[in-house]
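Hello,

Here is the structure you asked to see. Please open it first; my notes follow below.

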Amino acid sequence: MKKRVLMVGAGLSGAVIGRKLAEAGHSVVAVDERSHIAGNCYTERDGETDVMVHVYGPHIFHTDDEEVWQYVNTFERFLPFVNRVKTTSGGRVYLLPINLHTINQFFGKTLRPDEAREFIASLADRNLGEPKTFEEQALKFVGKQLYDAFLRGYTIKQWGCDPSELPASILKRLPVRFNYDDNYFFHRFQGMPENGYTKMVEKILDHELIEVRLNSRFEKSDASAFDHVFFSGPLDGYFDFELGRLGYRTLDFERFSYDGDYQGCAVMNYGDVDVPYTRITEHKHFSPWERHEKSICYREYSRACGAEDIPYYPIRLADEQALLARYIERANQEANVTFVGRLGTYRYLDMDVTIREALDTADAYVRLSSQACKMPAFFVSP
Ligand SMILES: Cc1cc2nc3c(=O)[nH]c(=O)nc-3n(C[C@H](O)[C@H](O)[C@H](O)COP(=O)(O)OP(=O)(O)OC[C@H]3O[C@@H](n4cnc5c(N)ncnc54)[C@H](O)[C@@H]3O)c2cc1C
């Protein structure tokens, strides 16, 4: 039987699930409290310069998931883009991730890969046992100089606390490459949508069985008109924060224009703790196939997320995990609602993972509803 389904949020999660359900013959309404679709991936052209701006921060598409790569390319042509991040530290510019070039430049050496590996191992703090904190893990991996130059300041600014207060698990792998590869991502597929992410999401939502309602905030009473709700808003927000607020970091973007090329690359990080921002993004470099004389840049600042701010990065430390467990228990008592996406499941999700989960969630709903079975509150556990 065909169902009437509500998507709360017209970001990637809501759009991809909605599209699959519409293709299966269900009728879909997608509401978003914002005045636009595409959620945090939203891009728009700047009126004065015509530069494509990543309004909620830089978004680079990268994945190893071939099906997801084909999926996005069905809706929008992706053009080659390789993310090559630079960082300013101690008054000099280096390449990230830390690689052979960074090491040789930083230490004024001409090491070959094996020599660099030995050299970095010799810098590691040998007095540390099993690392418990981010700081100990970093000191064990790369030693004090590289930690201070590239990891410490950035982490303090990003997370608002000292790396000695963060768990070691945040830094899982050795953050160093012993070759000259400065491609920020390891994935097989990487690119940028030719006409921006908003265009791509617009095409995903373009189906006769999908109705989009913008500037429309979900109220629980709306649910009664639908067979099922997919909620991609904040999990704690769904329950009016009745158990307290899940911790997030938010971002402030200080936008400025520049007559020319401001920094010569898309992303420049700032590793020094006395520089208050974490990075500067120069948006025209995300579309290297376009030509623009003028430039639009964002200085990015990270801070604790307040009640009126946009939640960006879930914190997920011990206190938040405990609160999350209580919200999960609450959510599991709800009928006919499934929590999806980065806010609904309180996880940092790259776009490719968001799409993969959305496709799988929609498949599950189509299958379960055809068998008259109930869709769980979480298809992917938070
Ligand atoms: C700064 C930053 C940079 C990123 N960079 C990358 C990158 O380079 N590469 C990458 O792959 N991924 C990146 N991501 C991740 C990417 O943004 C997410 O994967 C994606 O946005 C998740 O989509 P979503 O639909 O789950 O959530 P969202 O995009 O947040 O969409 C949720 C939507 O729900 C709406 N909503 C919420 N509550 C309600 C309500 N009560 N009523 C109505 N509407 C509601 C919101 O307005 C929003 O539009 C980045 C994320 C951040 C924060």
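Start at the ligand. A nitrogen atom of the ligand sits 3.1 Å from a polar backbone atom of E33. Please keep in mind throughout that this is a predicted model.

The neighbours of E33 in sequence also appear in the list of polar approaches. In D32, an N or O atom of the side chain is 2.7 Å from an oxygen atom of the ligand. In R34, a polar side-chain atom is 3.5 Å from an oxygen atom of the ligand. The ligand on its own has 1,000 Å² of accessible area, and the protein covers 96% of that.

Which elements give two or more residues to the shell around the ligand? They are α1 (12–23), α9 (341–344) and α10 (351–370). The largest share comes from α9, with three residues. In total, 33 residues surround the ligand. The closest are S13, D32, H59, L349 and M351. By class, the shell holds 16 nonpolar, eleven polar and six charged residues.

Next, the helix pairs.

α1 and α10 pack against each other as well as contributing to the ligand shell. Their axes come within 8 Å and cross at roughly 35 degrees. The crossing is right-handed. On the α1 side, the contact is made by L12, S13, V16, I17, K20 and L21. On the α10 side, the residues are M351, T354, I355, A358, L359, T361, A362, D363, Y365 and V366. This contact has eleven nonpolar, three polar and two charged residues. Note S13 and M351: both belong to the helix contact, and both are among the closest residues to the ligand.

The second pair is α3 (100–107) and α4 (residues 113–123). Here the axes come within 11 Å and cross at roughly 65 degrees. α3 passes α4 in a left-handed crossing. From α3, the contact uses L100, I103 and F107. From α4, it uses P113, A116, F119, I120 and L123. How do the residues of this contact divide by class? Eight are nonpolar, with no polar and no charged residues.

Two backbone details deserve a look.

- The peptide bond from L96 to P97 is cis, with omega near -15 degrees. P97 lies in the loop between β8 (92–95) and α3.
- F241 has a positive phi, near 55 degrees, and is not a glycine. F241 lies in the loop between α7 (235–238) and β12 (248–258).

If you have only a few minutes, begin with D32, E33 and R34 beside the ligand. Then follow α1 and α10 along their contact.

Best wishes

Technical notes. Residues are numbered from 1 along each chain as its sequence is written. This is a predicted model: local features need pLDDT of at least 70, side-chain atom pairs count only at pLDDT 80 or more; totals for chains, interfaces and linings use all residues. Side-chain values use heavy atoms; hydrogens and water are left out. A residue is near a molecule or strand if one of its heavy atoms lies within 4 Å of it. A polar contact is a pair of N or O atoms within 3.5 Å; within protein, one must be able to donate a hydrogen and the other to accept it, and residues adjacent in sequence count only if both atoms are side-chain atoms. Accessible areas come from the Shrake-Rupley method with a 1.4 Å probe; for residues, only the protein chains shown count as cover. Helices (H or I, at least four residues) and strands (E, at least two) are DSSP runs, numbered from the N terminus. Ala, Val, Leu, Ile, Met, Phe, Trp, Tyr, Cys and Pro count as nonpolar, Asp, Glu, Lys and Arg as charged, and the others, Gly among them, as polar. Axes are lines fitted to C-alpha atoms, for helices over the stretch in contact, and angles run from 0 to 180 degrees between N-to-C directions. A crossing is left-handed if the near helix is turned anticlockwise from the far one by less than a right angle, and right-handed if clockwise. Contact means heavy atoms within 4.5 Å.
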